[in-house]
Amino acid sequence: MNVFRNGKILWCSVILCMFFLCACTGGSGNKITNGNELTPLPPQKKMEEETTTAGTSEQRITAALIGLDSEKMQMIVKDIYNGNNYVLSYNGGTDVKNVYDEIVTMLQVPEGELLDITFDEEKKKAKTVYASKEAFRSNHIVGFKAAASSSTITFGSASYMYTDTLVVLSDGKILAPNEVMSRDQVTVRGIDNKIYSVTVDKGHGYLTFTGAEDFVGGMVEIGRNFLYTVSDDMMIVVPEGEYEVVMSNGNLEGKRTVYITKDMTVSLDFSEYSAPANKTGTVEFQILPRDVDLFIEGEKTDYRKPVVLEYGTYIINLLSNNYETYTTKITVNSTYQVEAFDLDKIYAKENAQPPVVTTAATKAPTTAPTKAPTTSPTTSSTNPTTAPAGGSVALTIAEPAGANVYVDNVHVGTAPVTINKSRGEYVITFKRDGYITKSYIVDVDSSDGAQSLSFPAMSEE
């Protein structure tokens, strides 16, 4: 009984010693870690395979940013050297920096920016997107002009080349270079002596008029910098902004305020400024000798019957083969009046020199009438079959067919239409109900005497 008890005590002592040794060993720095806290390393062989694959599929390009879809987290870019377009995805892990090496988001990258991009070619996923440090950027440019014949872009005294990879953007829309008007405000980006992207920061809209019939032939002033002759159904290309519009024609004047927004057409109504009904008078001319020709404001007039004229003052010329041309003024201010002229008495009274024989052809007034005796103005039209005058061009505007065509704000007809124009630069505008109005700058060359121009189809509104 004592032996068993002593043996039991000895066994317990051994167990206690073993436990004490384990505890002492644990105090030397070892720690028991739960299994879920362990982070097993992937097999080394697999890591090497992934690195090799990623390295072989990586692409590097310099491209212009065309568009951004923030919902799908995709960007559309165009390689500035080969013209290829890419749709690349991005995420929060994509390294995006501006030209100052500041970390930014893709939403902070402006359209048209030139970017140095690395991406996974297989996954089409962007890794790094950096604003190119080789590129130059010129802001707030006015006076932009792209010449397709020489592939040059000029503004101010600067001149650059461009290629068919050029990107021209306006609020996400891709434009042709000649859709940028000289008064638009743009940002240009390029490398060395070539421009690769142009963005329109402040563009242009369009201004039309209604109720302006009494102002035709007068002037319209838009702000302080734009002055045009008023014509029927005119459409004016105007830079974005707010303007005071003043129309005037003689003593008639009207003022309105307008705000022009990019690509939009605004119509101003001037009918409240219509001129009062004009009073007219009937004038009976009694002129001797009988072979005298009468010109009223430069226009030959048949005075064998009474002439109806609006109230006002007119310059008249009396031409005869036997007398010097006699010039005077008459004022029409009654419903009926008689104006009598006898050249024999006039020259005798004025103690004129002996009559000089001249011909009516050599003495015809050379100035255009300032107030025609007709009741309404007339507009001239161009006959497409008529040969152009010396130095002018028979310019055919063929497409888009059915669109109203304006050349330098003046309506010239519906496409296809042919007009005569001298050599130079013109703004051609197309307008059609239900479609977006478009303008283009063209250079007319008179070297061959004829030109035909076709423009892209119009887009629906």
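This note goes through the overall make-up of a predicted model and then three of its salt bridges.

1. Overall make-up. The protein has 461 residues, and buried residues make up 37% of them. Its secondary structure consists of four helices and 35 strands.

2. Surface and contacts. About 27500 Å² of the protein is accessible surface, and carbon and sulfur atoms account for 52% of that area. For contacts between residues at least 6 apart in sequence, 56% join residues at least 24 apart.

3. Salt bridges in total. The count of salt bridges comes to eleven. The points below take up three pairs, including where each partner sits and how far it is covered.

4. Glutamate 58 and lysine 127. The side chains of these two residues form a salt bridge, with an N to O distance of 3.5 Å. Glutamate 58 belongs to strand E1 (residues 58-69) and lysine 127 to strand E6 (residues 125-131), so the salt bridge ties together parts that are 69 residues apart in sequence. Glutamate 58 has a relative accessibility of 26% and counts as partly exposed. Lysine 127, at 31%, is also classed as partly exposed, because that class lies between the 20% and 50% cut-offs.

5. Glutamate 113 and arginine 137. In this salt bridge the closest N and O atoms are 2.8 Å apart. Glutamate 113 is in the loop between strand E4 (95-97) and strand E5 (114-120), while arginine 137 is in strand E7 (residues 136-141), so parts 24 residues apart in sequence are tied together. Glutamate 113 is buried, because its relative accessibility is 8% and buried means under 20%. Arginine 137, with a relative accessible area of 25%, is partly exposed.

6. Aspartate 171 and lysine 262. A salt bridge joins this pair, and its closest N and O atoms are 3.3 Å apart. Both partners are in loops: aspartate 171 between strand E11 (167-170) and strand E12 (173-174), and lysine 262 between strand E20 (252-260) and strand E21 (265-269). The pair links distant parts of the chain, 91 residues apart. Is each partner buried or exposed? Aspartate 171 is exposed, because its relative accessible area is 57% and the class begins over 50%. Lysine 262 is buried, at 13% relative accessibility.

7. A shared network. Glu58, Arg60 and Lys127 are joined into one network by salt bridges that share partners. The pair from point 4, glutamate 58 and lysine 127, is therefore to be read together with Arg60.

How values were computed: Residues numbered from 1 in each chain as written. Predicted model: local features only at pLDDT ≥ 70, side-chain atom pairs only at ≥ 80, totals over all residues. Heavy atoms only, no water. Salt bridge = Lys/Arg side-chain N within 4 Å of Asp/Glu carboxyl O. Helix = DSSP H or I, 4+ residues; strand = E, 2+ residues; numbered from the N terminus. Buried < 20%, exposed > 50% of the residue type's maximum accessible area, 1.4 Å probe, protein only. Contact = heavy atoms within 4.5 Å. Areas by Shrake-Rupley, 256 points an atom, 1.4 Å probe, with all protein chains shown as cover.
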